[in-house]
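Student: I have a protein model open on my screen, and I would like to understand the words people use to describe it. Could you take me through them?

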Amino acid sequence: MVSEHDRSGPALPTGDGGSVFSVLTRYRLDIAYDGTQFSGWARQPELRTVCGVLEKAFSTVLREPVELTVAGRTDAGVHASGQVAHMDIVGSIDEPHRLVRRMARFLPRDVRVKAITAVSRDFDARFSALRRHYEYRFSTARYGVDPLEVNSVVSWPREIDLDAVRDASARLVGLHDFAAFCKRRDGATTVRELQRFDWIQDEDRVTAYVSADAFCWSMVRSLVGAMQAVGEGRRTLEWTEALLSTRARSSSVTVAPAHGLSLVAVDYPAAHELAARNRATREVRAEIQSPGGCC
């Protein structure tokens with residue numbers, strides 16, 4: 001399955017003497033998972049995480065240590081249908097589609113690698129990303145949530161003014177400091193460009209669509225929780241706008257439950273624009289410890 005004939009990647013010394021060199025090849029991984037039984041994406045000692053499960057599986061199958069770099073580090077309970085990561089391995093994978101099938105047999109049922117694609121060394125799942133897309137799903141049905149969706153949809157049984165929600169959400173779109181909606185991390189900026197924040201209702205399903213260049217910790221669920229308060233008449237449009245001038249986490253913002261949130265897509269530029277995108281992201285995010293992470 002693995003070949004060492006590809007010479008597209010950098011050569012790294014192996015062995016004690018350093019005279020033998022191996023080639024690293026980069027692969028993009030498209031990933032989906034049900035976050036219910038995971039303690040988030042990021043590897044954590046003694047906890048079951050998406051990254052930990054995937055790295056262990058790939059390291060076993062490929063018979064070499066594998067470390068993943070991810071587009072967005074989701075929190076405990078958050079799902080993904082369009083997560084993206086990359087890995088560097090010695091040599092190359094002859095038939096990635098066969099490895100996809102093998103991983104399907106090897107991995108637990110709540111995580112899947114949907115595609116494995118050879119990419120250039122300029123592709124970086126985190127720094128190359130242009131934007132991340134999330135969806136947050138509610139059920140307004142009187143009976144609550146369909147039993148088959150209890151792990152991915154949140155019940156919202158109260159009366160909702162969706163026009164007010166949409167108005168308030170539109171006022172947050174743009175380049176702002178979202179400190180009021182983020183859990184503070186030392187050395188990390190809370191300035192983000194929120195590119196989409198709108199709501200669609202289809203019968204008893206209400207979905208919030210949230211897209212940005214990157215997200216800080218708990219930002220998406222805080223945005224959704226704040227809009228719930230507006231939709232129920234507990235907060236005003238003026239309150240929403242005032243949050244943008246707040247430079248610390250606001251205690252008036254409720255964080256929506258994790259299980260309603262899913263990372264559905266990550267956008268990347270064309271191959272010839274990847275290197276420039278990486279440089280631009282690193283310059284803009286020079287003081288961020290974990291760009292792209294999460295929600």
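Tutor: Happily. Let us begin with Thr-240, which is buried, with a relative accessible area of 0%. Please keep in mind that this is a predicted model.

Student: What makes Thr-240 count as buried?

Tutor: The cut-off for buried is under 20% relative accessible area. Thr-240 has 0%, so the residue counts as buried. Thr-240 belongs to helix H5 (residues 237-243).

Student: Which residues does Thr-240 touch, leaving out those up to four places away in sequence?

Tutor: Its contacts are Ala-168, Leu-172, Met-227 and Val-230. Leu-172 also touches Phe-181.

Student: What else does Phe-181 touch, again not counting residues up to four places away in sequence?

Tutor: The list includes Trp-217, Met-219, Leu-223, Ala-226, Leu-243 and Val-253. Phe-181 is also one of the residues with the most contacts inside the largest nonpolar core, a group of 78 residues. Trp-41, Leu-54, Phe-58, Met-87 and Trp-199 are the others named there.

Student: Which element gives the largest share of this core?

Tutor: Helix H1, with eight residues. Among the buried residues of H1 are Val-50, Val-53, Leu-54, Phe-58 and Leu-62.

Student: How do you know that the span of H1 is close to the one expected?

Tutor: H1 (residues 50-62) has 13 residues, and at 1.5 Å a residue the expected span is 18 Å. From its first C-alpha to its last, H1 reaches 18 Å, close to that value. Just after H1, Arg-63 takes a positive phi of about 60 degrees.

Student: And what makes the span of helix H4 agree with expectation?

Tutor: The 13 residues of H4 (residues 219-231) should span 18 Å, and its end C-alpha atoms are 18 Å apart, so the two agree.

Student: Why is H4 called mostly covered?

Tutor: The count tells you: 13 of its 13 residues are buried. H4 is followed by Gly-233, whose phi is positive, near 80 degrees.

Student: Let us turn to the rings. Why is the pair of Phe-197 and Trp-199 called tilted?

Tutor: Two values matter here: their centres are 6.0 Å apart and the planes make an angle of 40 degrees. Rings pair if their centres lie within 6.5 Å, and planes under 30 degrees apart count as stacked, over 60 as edge-to-face and the rest as tilted. With 6.0 Å and 40 degrees, Phe-197 and Trp-199 are therefore an aromatic pair of the tilted kind. The structure holds 10 aromatic pairs.

Student: Are Phe-197 and Trp-199 buried or exposed?

Tutor: Phe-197 has 4% relative accessibility, so that residue counts as buried. Trp-199 counts as buried because its value is 1%. Ring pairs also link both of them with Tyr-136, Phe-138 and Trp-156 into a cluster.

Student: Where does the charged end of Arg-48 sit?

Tutor: Over the ring of Phe-38, 4.1 Å from its centre. In another such arrangement, the charged end of Lys-183 sits over the ring of Trp-217, 5.3 Å from its centre.

Student: Now for opposite charges. What makes Asp-88 and Arg-26 a salt bridge?

Tutor: The closest N and O atoms are 2.7 Å apart, and the cut-off is 4 Å, so the pair qualifies. Asp-88 lies in strand S5 (residues 79-90) and Arg-26 in strand S3 (residues 20-33), so the bridge ties together parts that are 62 residues apart in sequence. Salt bridges that share partners join Arg-26, Asp-88 and Arg-121 into one network.

Student: Why is Asp-88 called partly exposed?

Tutor: Partly exposed runs between the 20% and 50% cut-offs. Asp-88 has 22% relative accessibility, so this residue counts as partly exposed. Arg-26, at 10%, counts as buried.

Student: How do you know that Arg-282 and Asp-124 form a salt bridge?

Tutor: Their N to O distance is 3.9 Å, and the limit is 4 Å, so the pair is counted. Arg-282 is in helix H6 (residues 274-284) and Asp-124 in the loop between strand S7 (111-119) and strand S8 (131-139), so the pair ties together parts 158 residues apart in sequence.

Student: How many salt bridges does the structure hold?

Tutor: There are 18.

Key. Residues numbered from 1 in each chain as written. Predicted model: local features only at pLDDT ≥ 70, side-chain atom pairs only at ≥ 80, totals over all residues. Heavy atoms only, no water. Buried < 20%, exposed > 50% of the residue type's maximum accessible area, 1.4 Å probe, protein only. Lys NZ or Arg CZ within 6 Å of the ring centre and 35° of its normal. Helix = DSSP H or I, 4+ residues; strand = E, 2+ residues; numbered from the N terminus. Expected span 1.5 Å × (residues − 1). Salt bridge = Lys/Arg side-chain N within 4 Å of Asp/Glu carboxyl O. Contact = heavy atoms within 4.5 Å. Core = buried A, V, L, I, M, F, W, Y, C linked by side-chain atoms within 4.5 Å.
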